[in-house]
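Biologist: I have a structure open here and would like to go through it with you. Could we begin with the interface?

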Amino acid sequence: AKAKIAVNGYGTIGKRVADAVKAQDDMEIIGVSKTRPNYEAIVAQQLGYDIYAPAANLEAFEKAGVPTAGTIEEMVEKADLVVDCTPGGVGEQNKPMYEKAGVKAIWQGGESHPIAGFSFNAVCNYEQAIGRDLVRVVSCNTTALCRVIFPIDKELGVKKVRAILARRAADPNDVKKGPINAIVPDPAKLPSHHGPDVRSVLPNINITSAALKIPTTLMHVHTVNMELNTNCTAEDVKNILGSQSRIHFVGQGISSTAEIIEFARDIGRPRNDMWENCIWPESVTVTENELYFFQAVHQESIVVPENVDAIRAMMELESDGAKSIEKTNKALGL
Ligand code: NAD
């Protein structure tokens with residue numbers, strides 16, 4: 001039987017996780033939750049998902065003509081595992097509901113590490129997630145940093161990492177957030193939490209970061225600097241990064257995040273998703289054991305394959321992380 005998965009919070013991350021799970025042959029979506037009967041609820045219905053809602057809002061759904069299958073608590077009861085994709089901070093309030101129902105749960109990077117006591121990235125610690133009941137899939141920025149630090153540390157030894165993050169200010173559908181005409185140190189107090197969050201997955205990495213919020217919605221861009229323990233060339237680093245299935249070298253005249261998203265549209269990616277870290281190969285530079293490069297991060301989608309792998313580990317559907325990654329990638333078309 002397929003693992004029964006529920007998505008609680010059908011927003012930017014939740015809708016993508018639902019479609020990604022649906023594409024796998026060893027798991028299925030038994031329901032998604034919506035708080036309001038808006039256009040996203042109607043699309044979810046058209047995509048064939050059973051919709052669950054807070055008990056207090058069921059009437060609003062009925063009035064709007066959007067059929068529901070029950071309350072969120074009822075959805076959780078039916079699931080083997082809930083992927084909580086509610087906004088940061090809300091996920092924590094849902095924990096007692098999952099414990100009461102005795103279901104496994106995954107939270108996203110908007111929650112902090114202690115919520116699950118285990119922070120996940122597929123290449124770094126898949127095997128440690130096998131059979132676990134509670135997992136946190138780290139944020140878009142942390143995922144992107146983990147994917148590059150882990151293989152370089154394994155091959156060359158990473159002495160320290162310093163990362164500067166230019167962060168998209170809002171997601172494309174977000175009409176409420178700014179800035180629209182400013183660059184905001186976010187936070188101004190250094191270091192930012194992003195780099196240090198890598199240690200929730202890779203505890204032995206020396207890393208700090210600084211982050212700036214910039215008026216764009218498409219992607220983040222990281223300037224990554226690593227001091228390495230081993231003498232090496234830029235070619236050595238490119239060979240290591242090039243061996244990773246979730247790292248993509250941008251080329252063919254792509255000079256910006258705008259063109260990466262256009263490329264994703266052109267190759268027919270769902271919702272123009274780029275699940276891979278996008279690295280400019282010409283930026284990979286090594287000077288006296290110091291490595292530099294630029295990577296772009298599609299914040300809306302990079303954590304989606306990681307959620308699928310986390311499910312596979314927790315549900316004990318595959319014991320080998322590399323095999324799970326390959327299976328997820330194949331089903332998604334990555
Ligand atoms: P979102 O606001 O796009 O979606 C959240 C959804 O949850 C919305 O549909 C909202 O209506 C619903 N919701 C709110 N309260 C709820 C409740 N009590 N019960 C059920 N549903 C509820 O948020 P998002 O961007 O998808 O972020 C979700 C999580 O993923 C956060 O932890 C965030 O930090 C993390 N994350 C976001 C991004 C990103 O760039 N958007 C990237 C990586 C990780």
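Modeller: Certainly; please keep in mind that this is a predicted model. Between domain 1 and domain 2 an area of about 1800 Å² is buried, and carbon and sulfur atoms give 50% of that area.

Biologist: Which residues make up domain 1 and domain 2?

Modeller: Domain 1 consists of residues 3-138 + 303-332, while domain 2 covers 140-297. Taken over C-alpha atoms, the centres of domain 1 and domain 2 are 26 Å apart.

Biologist: How many residues of each domain are in contact with the other?

Modeller: On the domain 1 side there are 24 residues, and they are in contact with 18 residues of domain 2.

Biologist: And how many salt bridges are found across the interface?

Modeller: There are 6 salt bridges across the interface of domain 1 and domain 2. A salt bridge also joins the side chains of Arg 246 and Glu 306, with an N to O distance of 3.2 Å. As for polar contacts, 11 residue pairs are counted between domain 1 and domain 2, both residues being at pLDDT 80 or more.

Biologist: Which elements give two or more residues to the side of domain 1 that touches domain 2?

Modeller: They are helix 1 (12-22), strand 7 (119-120), helix 6 (122-125), helix 11 (304-314) and helix 12 (321-332). By class, that side of domain 1 has 10 nonpolar, 7 polar and 7 charged residues.

Biologist: Let us turn to the ligand. How many residues surround it, and which are the closest?

Modeller: The ligand is surrounded by 21 residues, of which Thr 12, Ile 13, Gly 110, Arg 168 and Asp 171 are the closest.

Biologist: What does Asp 171 offer the ligand?

Modeller: An N or O atom in the side chain of Asp 171 lies 2.7 Å from a nitrogen atom of the ligand.

Biologist: And what about Gly 110?

Modeller: With Gly 110 the backbone is involved: one of its polar backbone atoms is 3.1 Å from an oxygen atom of the ligand. Thr 35 uses its side chain, where an N or O atom is 3.1 Å from an oxygen atom of the ligand.

Biologist: Back to salt bridges, then. How many are there in the whole structure?

Modeller: A search of the whole structure gives 23 salt bridges. Glu 59 and Lys 63 form a salt bridge, with their closest N and O atoms 3.9 Å apart.

Biologist: Where do Glu 59 and Lys 63 lie?

Modeller: Both are in helix 3 (residues 58-64), and the 4 residues that separate them correspond to about one turn of the helix.

Notes
Residues are numbered from 1 along each chain as its sequence is written. This is a predicted model: local features need pLDDT of at least 70, side-chain atom pairs count only at pLDDT 80 or more; totals for chains, interfaces and linings use all residues. Side-chain values use heavy atoms; hydrogens and water are left out. Domain bounds come from an automatic or database domain assignment. Contact means heavy atoms within 4.5 Å. Buried area is the accessible area (1.4 Å probe) that two parts lose on being put together, summed over both. A salt bridge is a side-chain nitrogen of Lys or Arg within 4 Å of a carboxyl oxygen of Asp or Glu. A polar contact is a pair of N or O atoms within 3.5 Å; within protein, one must be able to donate a hydrogen and the other to accept it, and residues adjacent in sequence count only if both atoms are side-chain atoms. Ala, Val, Leu, Ile, Met, Phe, Trp, Tyr, Cys and Pro count as nonpolar, Asp, Glu, Lys and Arg as charged, and the others, Gly among them, as polar. A residue is near a molecule or strand if one of its heavy atoms lies within 4 Å of it.
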